[in-house]
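The following exercises are intended to be worked with the sequence and the three-dimensional structure at hand. Each task is followed by a solution in steps.

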Amino acid sequence: MSDIKDFKDLIIWQKGMIIAEKCFFLTQKFPKEELYGMIQQIRRASSSIPANISEGYGRRSPGDYKRFLNIAQGSVNELQTFLILATRVHLCTEKEVELILENLKEETRMISSLINKLS
């Protein structure tokens with residue numbers, strides 16, 4: 001843990017940023033009429049993951065950190081739902097979201113593990 005100087009050194013945050021980037025690029029392909037619908041929802045949920053990880057880390061309290069990690073986990077679940085729905089309504093293909101969903105599974109494991117370490 002001594003190599004961690006700030007939240008940007010956290011692998012869990014770095015992976016969250018990769019997920020958010022992938023979601024941003026995925027939604028660039030969506031129809032413009034989805035700008036205030038699915039595009040906004042996916043981008044907000046995906047960016048919320050690393051944002052809550054960094055905010056919790058900055059609180060310097062294990063209790064607060066766990067609370068923000070739980071919020072990040074909620075955003076993971078929300079994002080999974082939006083991505084599955086986007087495939088069901090044919091805004092994208094299952095193949096296009098497959099890697100993001102795999103990354104979300106890994107992020108969930110990391111969030112759970114960190115919550116357990118803080119307990």
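**Exercise 1. Contacts of a core residue**

Leaving aside its neighbours within four places in sequence, with which residues is Leu79 in contact?

Solution. The model is a predicted one.

Step 1. Once the neighbours within four places in sequence are set aside, the contacts of Leu79 are Ile19, Cys23, Ile42, Ala45, Ser46, Ile49 and Leu104.

Step 2. Leu79 is one of the buried residues of α3.

Step 3. The largest nonpolar core has 30 residues, and Leu79 is among those that touch the most other members, together with Phe30, Ile42, Ile53, Leu83 and Leu104. At least two residues of this core come from each of α1, α2, α3 and α4. The most is given by α3, with eight residues.

**Exercise 2. The length and burial of α3**

Determine what span the 27 residues of helix α3 should have, and compare it with the distance between the end C-alpha atoms.

Solution.

Step 1. Helix α3 covers residues 62-88, and at 1.5 Å a residue its 27 residues should span 39 Å.

Step 2. The end C-alpha atoms are 39 Å apart, so the distance agrees with the expected span.

Step 3. The buried residues of α3 are Tyr65, Phe68, Leu69, Ala72, Gln73, Ser75, Val76, Leu79, Phe82, Leu83, Ala86 and Thr87. An α-helix has 3.6 residues a turn, so residues three or four places apart point the same way.

Step 4. The cover over the buried residues of α3 includes α1, α2 and α4.

**Exercise 3. Two serines**

Are Ser75 and Ser54 buried or exposed?

Solution.

Step 1. Ser75 belongs to helix α3. Its relative accessibility is 5%, so Ser75 counts as buried, the cut-off being under 20%.

Step 2. Beyond its neighbours within four places in sequence, Ser75 is in contact with Ala45, Ser48, Ile49 and Asn52. A C-alpha distance of 9.7 Å separates Ser75 from Pro50, and these two residues are 25 residues apart along the chain.

Step 3. Ser54 is placed in helix α2. With a relative accessible area of 16%, Ser54 is also buried. Residues up to four places away in sequence not being counted, Ser54 touches Phe7 and Trp13.

**Exercise 4. Ile100 and its helix**

Which residues does Ile100 touch, not counting residues up to four places away in sequence?

Solution.

Step 1. Ile100 is located in helix α4. Its relative accessibility is 3%, and Ile100 therefore counts as buried.

Step 2. With residues up to four places away in sequence not counted, Ile100 touches Ile19, Lys22, Cys23, Leu26 and Leu83. The C-alpha atoms of Ile100 and Leu83 are separated by 8.8 Å, and the two are 17 residues apart along the chain.

Step 3. The other buried residues of α4 are Val97, Asn103, Leu104, Glu107, Ile111, Leu114 and Ile115. The buried residues of this helix pack against α1, α2 and α3.

Step 4. From first C-alpha to last, the 25 residues of α4 reach 35 Å, close to the 36 Å expected at 1.5 Å a residue.

**Exercise 5. Positive phi in the loops**

Where are Arg60 and His90 found?

Solution.

Step 1. Arg60 is in the loop between α2 and α3. Although Arg60 is not a glycine, its phi is positive, at about 60 degrees. Its relative accessibility is 63%, so Arg60 counts as exposed.

Step 2. His90 is in the loop between α3 and α4. Phi of His90, a residue other than glycine, has a positive value near 65 degrees. With a relative accessible area of 70%, His90 is exposed.

**Exercise 6. The largest pocket**

How many residues of the lining of the largest pocket are nonpolar, how many polar and how many charged?

Solution.

Step 1. The largest pocket holds about 210 Å³ of space. Ten residues line this pocket, and the closest to its centre are Leu10, Ile11, Ile12, Met110 and Leu114.

Step 2. The lining of the largest pocket comprises seven nonpolar residues, one polar residue and two charged residues.

Step 3. Helices α1 (11-27) and α4 (94-118) each contribute at least two residues to the lining. The largest share of the lining, four residues, is supplied by α4.

Terms used: Residues are numbered from 1 along each chain as its sequence is written. This is a predicted model: local features need pLDDT of at least 70, side-chain atom pairs count only at pLDDT 80 or more; totals for chains, interfaces and linings use all residues. Side-chain values use heavy atoms; hydrogens and water are left out. On a 1 Å grid over the protein atoms alone, a cavity is a set of points where a 1.4 Å probe fits but cannot get out, and a pocket is an open set with protein on both sides within 12 Å along at least five of seven lines; lining residues have an atom within 4 Å of a point. Grid points are joined across faces, edges and corners, and a volume is the space filled by probe spheres set on the points. Ala, Val, Leu, Ile, Met, Phe, Trp, Tyr, Cys and Pro count as nonpolar, Asp, Glu, Lys and Arg as charged, and the others, Gly among them, as polar. The expected span of a helix is 1.5 Å times one less than its number of residues. Buried means under 20% relative accessible area, exposed over 50%, partly exposed in between (1.4 Å probe, protein chains only). Contact means heavy atoms within 4.5 Å. A nonpolar core is a set of buried Ala, Val, Leu, Ile, Met, Phe, Trp, Tyr and Cys residues joined through side-chain atoms within 4.5 Å.
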